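Colleague: Could you take me through one interface in detail? I'd like the count first, then whatever else fits around it.

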Amino acid sequence: MEHVATPASAPQQHAQQHPIGLYFKIWGLLFVLSTLSYLVDYFHFQGGLRWTLILLFMMLKAGLIVAVFMHMAWERMALVCAILIPPGALMVLVGLMASEANYTNLTRLLFFR
Amino acid sequence: MTDMPLDPPGAVAGGGRSPAPPAHAAPHGDGQVAGLRGLVADWSGDQQTFQVAWGKAMMWIFLLSDTFIFGSFLTGYMTVRTSTTVPWPNPSEVFALNIGGKPVPLLLIAVMTFILISSSGTMAMAVNCAYRRDKVTAAKLMFVTAAFGAMFVSMQAFEWTKLIMDEGVRPWGNPMGAAQFGSVFFMVTGFHGLHVTAGVIYLSVVALRLLAGKYDRGNFQIVEIAGLYWHFVDLVWVFIFALFYLW
């Protein structure tokens with residue numbers, strides 16, 4: 001992708017200057033993806049298909065926003081790693097709590113119904 | 001931290017531009033090493049880790065902490081929704097709007113989503129204009145972005161009113177199913193709405209200061225930093241839309 005990352009006056013502060021057409025394309029893509037995820041609900045998709053589509057569109061939208069609108073795609077790897085790796089800890093939390101929630105649900109069904 | 005003087009290439013302490021410098025002594029500026037070697041070089045001692053302005057680095061770190069806040073909220077939501085034995089109210093029906101006597105599922109939420117995405121687009125344009133030193137257009141686009149944000153919050157206020165007054169949803173219960181629905185809804189969307197409101201104020205202030213010429217000496221990077229916050233607000237909505245409204 002063509003972009004100008006370094007103006008001569010400030011070599012250390014990468015001014016994020018990219019062709020405006022790129023933003024329009026991403027903007028359009030985000031609209032399309034939002035429409036698609038809305039249609040998932042509109043057409044009442046259920047079960048595994050629903051989950052796959054919802055999560056897929058969600059991750060695609062999030063990726064486009066972070067990579068292009070927030071310019072992560074052109075940042076140095078040190079900054080990218082410092083920001084994008086720590087949220088992985090949340091995935092551990094989600095895993096733990098999913099297992100805990102299922103256990104709670106099971107005990108409630110067994111003893112408190 | 002204060003504004004660091006920019007080291008010209010070749011004037012880096014203990015290094016300079018020798019023909020083949022070791023990775024940890026690679027000069028900054030144009031001679032930067034990319035990829036994994038760049039990662040190691042950037043994290044090595046005796047130098048600045050993040051090669052961006054301090055304001056931008058701090059905004060990113062703030063956004064990282066905010067990620068954990070919203071991440072914890074959404075994890076809590078997953079926990080109560082999975083563990084309850086009472087059926088969860090169907091968001092598709094709860095948030096439907098009647099158009100011509102027929103309920104259209106999630107209509108308001110879809111409109112709000114499109115408004116927020118549009119505002120992200122105008123914000124990206126504002127950043128682009130600012131780096132081309134077109135500060136009047138940049139400020140105008142920031143006001144448009146803020147207006148979209150205000151529209152979003154207004155629609156959210158409408159949604160809350162409808163839910164509280166017509167549907168009888170309370171943080172401790174509701175007529176449609178699991179009691180946790182209300183508390184999760186008010187907490188998550190409320191906290192997000194608070195961020196949007198703060199963003200509207202933040203963008204307006206930065207745009208006004210931009211017009212007043214307060215940033216004329218710099219490179220208008222403040223617009224990009226404010227933009228990072230705004231895109232993050234949009235980003236959080238992507239997750240709320242998918243996980244709360246579509247689940």
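How many residue pairs are in polar contact across the interface of chain B and chain A?

Modeller: Bear in mind that this is a predicted model: local features need pLDDT of at least 70, side-chain atom pairs count only at pLDDT 80 or more, and totals for chains, interfaces and linings use all residues. Residues are numbered from 1 along each chain as its sequence is written, chains are lettered from A and ligands numbered from 1 in the order written, and side-chain values use heavy atoms, with hydrogens and water left out.

Now your count: 14 residue pairs, both at pLDDT 80 or more, make polar contacts between chain B and chain A (N or O atoms within 3.5 Å, one able to donate a hydrogen and the other to accept it; sequence neighbours count only through side-chain atoms on both sides). On the chain B side, α1 (35–43), α2 (54–83), α4 (107–131) and α7 (221–245) each supply at least two of the touching residues (helices being DSSP runs of H or I, at least four residues).

There are also two salt bridges across this interface (Lys or Arg side-chain nitrogen within 4 Å of an Asp or Glu carboxyl oxygen). In one of them, K56(B) meets E75(A) at 2.7 Å, N to O.

As for extent, 69 residues of chain B and 60 of chain A take part in the contact (heavy atoms within 4.5 Å). Together the two chains bury about 5,800 Å², and carbon and sulfur atoms account for 71% of that (accessible area lost on being put together, 1.4 Å probe, summed over both).
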